[in-house]
Structure formats: C-alpha cells, structure tokens
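Dear colleague,

I am handing over the structure below, together with some notes on what turned up in it. Please read the notes with the model open beside them.

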Amino acid sequence: MKKTISETRSIYDIIRKFGPVARGNIAKNFQKRPATVTRITNKLLNQNLICACGKEQQKKGRSMELLKVNPDAFFVLGIHAVRNGFRGSIVSAGGKVIFYSTLSLRHKHTRNGFLSGLRQAVKQYLDRASLNGIEVSGIGLAMPGRSGPSKRELNKSRYYISRIDGCSMQRISREGIQTTGNC
C-alpha cells in the first residue's frame with residue numbers, strides 16, 4: 001500500500017512539474033512501467049485530480065493524450081505567521097492565487113494571544129473562501145523557527161509562542177490551536 005501511495009504521489013508530481021505530459025513520456029523519462037503509469041493516471045483522472053488537455057503530435061503512430069493537473073481540483077489555504085499578524089492566501093491545485101490578504105495581530109505576542117489570532121485568521125480566510133464558493137481542502141501554516149534534531153520539535157520561536165521550545169510538532173499540529181498552558 002505504501003509503495004502505491006508513493007508511486008501515485010510521484011506520478012502526480014511529475015504531471016504537476018512537467019505537464020502537459022503524455023503517459024508514454026512519463027514511463028520513458030522517469031523509469032516507470034507503462035502499466036503502472038496507465039493504472040495510476042486513470043485513478044487520478046477518475047478522482048478529477050488531473051485532466052486530459054489535448055494530444056501530442058506524432059510523426060507516425062497514434063497521437064498520445066496529454067495530461068495536466070486539474071487546476072480546480074482542490075484549493076488550499078496557506079497562512080504565514082509574521083511579526084505583526086498573518087499573511088494568507090487561497091491557492092488552486094494549479095498554483096493560481098485566488099486571493100491574498102494580510103491580517104494584523106491585535107493580541108499581545110504571547111502563546112494564547114498568538115493562538116487566538118491564528119484561530120481568528122483561519123476563520124476569516126475560510127469565511128472568505130466560502131463566500132466565493134470555494135471549499136478549502138487543506139491548511140498549511142508557516143512560522144519562523146527551526147526544527148529540532150528529530151524534525152518533530154520547533155525551536156527558536158519564542159517571539160511568537162512563548163514556552164514552545166521542545167514541544168512535539170505532532171502535538172502542535174494536532175492540538176496547537178486548542179492547547180492552553182504549557183506543551
């Protein structure tokens with residue numbers, strides 16, 4: 001199952017980076033079995049994550065169908081925590097920025113103030129998306145700081161959230177907005 005997921009991700013990324021691209025070119029240029037490429041691209045087509053966008057002209061033989069990422073398959077919200085608030089944007093699967101805005105942080109630069117501001121920012125961005133008929137499939141948060149040696153700890157970010165050094169990244173992502181007190 002893990003190999004199938006990584007193969008699917010790999011082929012989707014190839015189409016995203018190099019599309020429009022034909023199945024045969026994916027198999028040939030990226031050392032993938034043609035049957036694997038066909039099976040996975042059919043699955044991605046059925047899930048509406050990629051779409052056909054024409055034919056590649058061949059000197060002889062059958063023209064190959066070109067595939068690209070479906071730019072409207074999904075939308076994500078990206079939020080960047082900055083010194084005085086949040087920058088956020090809704091981006092389509094095709095990489096088009098649907099909207100971008102900055103929100104000022106009206107709270108003290110404490111852990112609870114930051115989390116309250118983040119909650120408010122997420123709500124405002126999601127409300128704006130909803131008003132425009134956009135369903136957000138995922139949210140990404142970027143914060144200044146460095147990951148610890150295990151890549152599961154966030155260090156050097158005390159300015160934004162006090163007492164966060166050494167907190168588990170899994171716990172922050174799972175409970176971060178609701179958590180109060182120390183990690």
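Is Phe-18 buried, partly exposed or exposed? The model is a predicted one, and in it Phe-18 has a relative accessible area of 47%, which makes this residue partly exposed, because that class lies between the 20% limit for buried and the 50% limit for exposed. Phe-30 belongs to that class as well, being partly exposed with a relative accessible area of 27%.

These two residues also form a ring pair, and the count of aromatic pairs comes to 1. The ring centres of Phe-18 and Phe-30 are 5.3 Å apart and the planes stand at 40 degrees, so the pair is classed as tilted, since stacked would require planes under 30 degrees apart and edge-to-face over 60. Distant parts of the chain are linked in this way, as Phe-18 is in helix H1 (residues 2-18) while Phe-30 lies in the loop between helix H2 (23-29) and helix H3 (34-46), with 12 residues separating the two.

Turning to the sheet, 4 strands make up an open arrangement with mixed pairing, in the order E6-E5-E4-E7. Strand E6 (97-104) and strand E7 (136-142) are the edge strands, each pairing on one side only, and neighbouring strands are turned against each other by 15 degrees on average, direction ignored. Helix H4 (residues 111-131) packs on this sheet, where it touches E4, E5, E6 and E7, and its direction makes about 150 degrees with that of E6. Within the sheet, strand E4 (residues 75-82) and strand E5 (residues 85-92) are paired in the antiparallel sense over 8 bridges, and Ser-89 in E5 is the bridge partner of Gly-78.

The largest nonpolar core has 17 residues, of which Ile-79, Phe-86, Ile-90, Phe-114, Leu-118 and Tyr-125 touch the most other members. Two or more residues of this core come from each of E4, E5, E6 and H4, and H4 provides the largest share, with 7 residues. Leaving aside neighbours within four places in sequence, Ile-79 is in contact with a set of residues that includes Phe-86, Leu-118, Val-122, Tyr-125 and Leu-141. Apart from the largest core lies another, of 14 residues, among them Tyr-12, Ile-15, Val-21 and Leu-67.

One further side-chain arrangement should be mentioned: the charged end of Arg-128 sits over the ring of Phe-99, at 4.1 Å from the ring centre.

With best regards

Key:
Residues are numbered from 1 along each chain as its sequence is written. This is a predicted model: local features need pLDDT of at least 70, side-chain atom pairs count only at pLDDT 80 or more; totals for chains, interfaces and linings use all residues. Side-chain values use heavy atoms; hydrogens and water are left out. Two strands pair if DSSP finds at least two bridges between them. Axes are lines fitted to C-alpha atoms, for helices over the stretch in contact, and angles run from 0 to 180 degrees between N-to-C directions. Contact means heavy atoms within 4.5 Å. Rings of Phe, Tyr and Trp (its six-membered ring) pair if their centres lie within 6.5 Å; planes under 30 degrees apart count as stacked, over 60 as edge-to-face and the rest as tilted. Buried means under 20% relative accessible area, exposed over 50%, partly exposed in between (1.4 Å probe, protein chains only). A charge sits over a ring if NZ of Lys or CZ of Arg is within 6 Å of the ring centre and within 35 degrees of the ring normal. A nonpolar core is a set of buried Ala, Val, Leu, Ile, Met, Phe, Trp, Tyr and Cys residues joined through side-chain atoms within 4.5 Å.
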